[in-house]
Amino acid sequence: MRATGLAIARTGIALGFVLLAGTAGAQTGAPTRDDIVGKLNHFEEAAEVDLPALKQQVMERAKTRIKNDPGPVNRPLIAPELAKLPAFNAQIQFDADTPIIQPASYQTVGRIADALVHSSLLPYTFLIVGHVESNSKTREANAILSQRRADAIRDVLVNTFKISTKRLHPIGLGEEQFLDRAKPTSAVNGQLQILTYAKLPEEAPRPAAAPAPAAKKPAKKR
């Protein structure tokens, strides 16, 4: 009877762990590789975006104190053309006010890496776009933070998952392009985006190596 009771108790504990694991999985809701590929593989046309110029515009606009600023709800998007690109919105958790990725989001970053090496996405380059919800920080501080977070995701994809740095372009838009303009303080505006940006340029074929000159035969001695 005692052995039977112990067996039942162990079964109950094991079942409890299974239920907890299932609950944890449901709570994290990490996307699958196919979810991400499905969002990103509908590329049609590259957006005409000068990334260095856009970075400068973000910082200049974030620093400027406009007397008649319409406020976050009505503030015009700084790069509306990005909306034309295939996008995957990732809920990446960072430590507060830092670009440090929390362990709970490692799985999502790994799934993004898996998607980027899928055969249908290998011909493309991608934008890693950082956003920040409106908060007590200045717009300038949030623009800087969003860029650092986009850089952090790029660094993990390159250094840990060996994605080619040529395929990844990080840019932070801060508060200058809300994902939900109607609710500037919503956590949705803190999501990070992966956008299919452009096709990789085709490498020019390498010229065939010239045949090595034939070795000269030594002259015969007379």
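**Overall architecture and the setting of strand S4**

The accessible surface of the protein comes to about 14,300 Å², and carbon and sulfur atoms account for 56% of that area. The model described here is a predicted one. Of the 222 residues in the protein, 36% are buried.

Turning to secondary structure, the protein contains five helices and four strands. A walk along the sequence meets these elements in the pattern α-α-α-β-α-β-α-β-β. Three helices thus come ahead of the opening strand in this pattern, and two strands close it. How the chain folds back on itself can be followed through its contacts: among those in the protein with a separation of 6 or more, 82% link residues 24 or more positions apart.

Strand S4 offers a good place to look in more detail. This strand spans residues 192-199, and most of it is covered, with seven of its eight residues buried. Which strands pair with S4? One of them is S1, made up of residues 87-90, which pairs with S4 in the antiparallel sense. Four bridges connect S1 and S4. Within this pairing, Ala90 has Leu192 of S4 as its bridge partner.

Strand S2, covering residues 124-131, is also joined to S4, here by six bridges. S2 and S4 run antiparallel. A helpful pair to find in the structure is Val129 and Gln193, since these residues stand opposite each other, with Gln193 lying in S4. Taken together, S4 is a mostly buried strand that has antiparallel pairings with S1 and with S2.

Definitions and conventions
Residues are numbered from 1 along each chain as its sequence is written. This is a predicted model: local features need pLDDT of at least 70, side-chain atom pairs count only at pLDDT 80 or more; totals for chains, interfaces and linings use all residues. Side-chain values use heavy atoms; hydrogens and water are left out. Buried means under 20% relative accessible area, exposed over 50%, partly exposed in between (1.4 Å probe, protein chains only). Two strands pair if DSSP finds at least two bridges between them. Contact means heavy atoms within 4.5 Å. Accessible areas come from the Shrake-Rupley method with a 1.4 Å probe; for residues, only the protein chains shown count as cover.
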